[in-house]
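Colleague: I'd like to learn how to read a model like this one. Could you walk me through it, feature by feature?

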Amino acid sequence: MSTLANDLEATGLVLLGGFTPIADQVLPGLTGGARPETIAMVGSAGPAMWAHLKVAPEFKSDPHPVNAWSKRVLLELAKIHGAELVFPFDGPPYWPFQQWVMALPGT
């Protein structure tokens, strides 16, 4: 059985970590109005991500290829893993991604 971390790695992305939000954190609502139980943060695996991006259709056809590629790839993985997504480039509202990264263990 595949894991989210392995599936991300296969696309040139990496699971940065996750955390359980505290009560007063500003969070997006999930489908049906539920509150997320876990926030997982995903980032670039550096050169591995660029290797995937450079051969993706979005690389030459989209004015924002990183955004378009990452959205497509992550939406595909979200379906597999039963996750809901928010992106830093969608909005408003703009979610506090920097605060969320700071909430990761070890930061």
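Modeller: Sure, let's start with burial. Keep in mind that this is a predicted model. Of the 107 residues in the protein chain, 29% are buried.

Colleague: And what does the chain show on its outside?

Modeller: The exposed surface comes to about 7000 Å², with carbon and sulfur atoms supplying 60% of that area.

Colleague: How do I read the overall dimensions?

Modeller: Look at the radius of gyration beside what a globule of that length would give. A compact globule of 107 residues would come out near 13 Å, and the protein chain has 14 Å, so the two agree. For a picture in your viewer, the C-alpha atoms fill a box of roughly 40 × 30 × 25 Å along the principal axes.

Colleague: Which secondary-structure elements are there, and in what order?

Modeller: The protein chain has five helices and two strands. Reading from the N terminus, the order is α-β-β-α-α-α-α.

Colleague: What do the contacts say about how the chain folds back on itself?

Modeller: Take the contacts between residues at least 6 apart in sequence. In the protein chain, 51% of those join residues at least 24 apart.

Colleague: Now the interior. Which residues make up the largest nonpolar core?

Modeller: The general idea is that nonpolar side chains tend to be buried together in soluble globular proteins. Here the largest nonpolar core has ten residues, namely Leu8, Leu13, Met49, Leu53, Ala56, Trp69, Val73, Leu74, Leu77 and Phe87. Helix H2 (47-54) and H4 are the elements that give two or more residues to this core. H4 gives the most, with four residues.

Colleague: Is there one core or are there several, and which residues would I click on?

Modeller: There is a second, separate core of seven residues, which includes Phe19, Ile39, Met41 and Trp100.

Colleague: Back to the largest core for a moment. Which residues is Leu53 in contact with, leaving aside its neighbours within four places in sequence?

Modeller: Leu53 is in contact with Phe59, Pro65, Val66 and Trp69. Trp69 is also on the list for the largest core.

Colleague: What about a polar residue in a helix, say Ser70 in H4? Is Ser70 buried or exposed?

Modeller: The test is relative accessibility, and buried means under 20%. Ser70 has 11%, so Ser70 counts as buried. Not counting residues up to four places away, Ser70 touches Phe87 and Phe89. Phe87 is itself one of the residues in the largest core. You can also check a spacing: Ser70 and Glu58 are twelve residues apart in sequence, with C-alpha atoms 9.6 Å apart in space.

Colleague: Which loop should I look at?

Modeller: Try the one between helix H4 (65-81) and helix H5 (97-102), where Pro88 lies. Setting aside sequence neighbours within four places, Pro88 is in contact with Tyr94 and Phe97. For a spacing from Pro88, the C-alpha of Glu37, 51 residues away along the chain, is separated from that of Pro88 by 19 Å.

Colleague: And how do I spot unusual peptide bonds there?

Modeller: Check omega. The bond joining Gly91 and Pro92 is cis, with omega about 5°. The peptide bond from Pro92 to Pro93 is cis too, with omega near 0°. Pro92 sits in the loop between H4 and H5, and Pro93 is placed in the loop between H4 and H5 as well.

Colleague: Last one: how are the charges arranged?

Modeller: Average the positions for each sign. The 6 positive and 9 negative charges of the protein chain have mean positions 8 Å apart.

Note on methods:
Residues numbered from 1 in each chain as written. Predicted model: local features only at pLDDT ≥ 70, side-chain atom pairs only at ≥ 80, totals over all residues. Heavy atoms only, no water. Rg over C-alpha atoms; globule rule 2.2 N^0.38 Å. Buried < 20%, exposed > 50% of the residue type's maximum accessible area, 1.4 Å probe, protein only. Contact = heavy atoms within 4.5 Å. Areas by Shrake-Rupley, 256 points an atom, 1.4 Å probe, with all protein chains shown as cover. Lys, Arg positive; Asp, Glu negative; His and termini not counted. Charge placed at Lys NZ, Arg CZ, Asp CG, Glu CD. Core = buried A, V, L, I, M, F, W, Y, C linked by side-chain atoms within 4.5 Å.
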